[in-house]
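Hi,

Here is the structure I promised to pass on. Have a look at it first, and my notes follow underneath.

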Amino acid sequence: MVVRKEEGFTLIELIVTLAILGIVIGVYSSLYYSGYKSFSNTQNSVDVEQNVRFAMNYIVSLLEKGPSEVEIIDNGRGLSIKQVLTDRGYRDYTITLEKPILYTHIKESDTDSKGSKLQLAVNIYDFMVTKKPNNMINIQIIGQSDDNGSNRFSLSTDVFLRKSDINVR
């Protein structure tokens, strides 16, 4: 007579295996979630910094072209830059903040009644222009990703205006 031995898993072995598997999946998913959250926060910080740097570079490049007139408007919350074009009159750039978007409004001469309003940067929290002595202005741009103040980045620079006067309105 041949005795046949049945092979298989007992109920206790299956429960222990499932418990261990559950713990491993739980640890993995929490690591994945924290990594994704860290990546998302880093990406938001980079986006805010990039927006602030782009806006500052744009404004400084306009000012370095030697505009004919620079005007600080809205108690330092805006900037108007007028450039004389050689044969076509002038081009007027007005930079204003309508939270959270920094806009530039470009108007060509007197014939362009409307002009065009373009987004310069998003997630901008504050934009401030102040007049300094010796024909200099200070520009400060602060960006952040949300209203809680997280991922805040600020950039400030002084620009010497060689060819233009500064008016405050």
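Let's begin at helix H1, which covers residues 11-64 and is where Val-24 sits. Keep in mind as you read that this is a predicted model.

Val-24 belongs to a nonpolar patch on the surface, together with Ile-12, Val-16 and Ile-20. The patch comes to about 390 Å². As a rule, nonpolar side chains in soluble globular proteins tend to be buried together, so I thought the patch was worth pointing out to you.

Now for the inside. The largest nonpolar core has 28 residues. The members that touch the most others in it are Ile-59, Leu-63, Leu-79, Phe-127, Ile-137, Ile-139 and Ile-141. H1 supplies the largest share of this core, with 8 residues.

If you want one residue to click on, try Leu-63. Leaving aside anything up to four places away in sequence, Leu-63 is in contact with Val-70, Leu-79, Ile-81, Ile-137, Ile-139, Val-159 and Leu-161. Three of those names, Leu-79, Ile-137 and Ile-139, also appear among the core members that touch the most others.

On to the charged pairs: the model has 5 salt bridges, and here are some of them.

Back in H1, Arg-53 and Glu-49 form one through their side chains, at 3.2 Å from N to O. The two are 4 residues apart in the helix, so about one helical turn separates them. Arg-53 is partly exposed at 38% relative accessibility, and Glu-49 is partly exposed too, at 30%.

Another one joins the side chains of Arg-91 and Glu-108, with an N to O distance of 2.6 Å. Here the partners come from two strands: Arg-91 is in E3 (residues 89-98) and Glu-108 is in E4 (residues 101-108), so this bridge ties together parts that lie 17 residues apart in sequence. Glu-108 has a relative accessible area of 27%, which means it counts as partly exposed.

Then there is Asp-158 with Lys-132, whose closest N and O atoms are 3.1 Å apart. Asp-158 lies in strand E8 (residues 153-160) and Lys-132 in strand E6 (residues 124-132), so the pair links parts that are 26 residues apart in sequence. Asp-158 is partly exposed at 36% relative accessibility, and Lys-132 is partly exposed with a relative accessible area of 32%.

That's what I have for now. Shout if anything looks odd on your screen.

Cheers

Note on methods. Residues are numbered from 1 along each chain as its sequence is written. This is a predicted model: local features need pLDDT of at least 70, side-chain atom pairs count only at pLDDT 80 or more; totals for chains, interfaces and linings use all residues. Side-chain values use heavy atoms; hydrogens and water are left out. Patches are made of residues with over 30% relative accessible area and no salt bridge: like charges are joined within 9 Å, nonpolar side chains (Val, Leu, Ile, Met, Phe, Trp, Tyr) within 5 Å. Accessible areas come from the Shrake-Rupley method with a 1.4 Å probe; for residues, only the protein chains shown count as cover. A salt bridge is a side-chain nitrogen of Lys or Arg within 4 Å of a carboxyl oxygen of Asp or Glu. A nonpolar core is a set of buried Ala, Val, Leu, Ile, Met, Phe, Trp, Tyr and Cys residues joined through side-chain atoms within 4.5 Å. Buried means under 20% relative accessible area, exposed over 50%, partly exposed in between (1.4 Å probe, protein chains only). Contact means heavy atoms within 4.5 Å.
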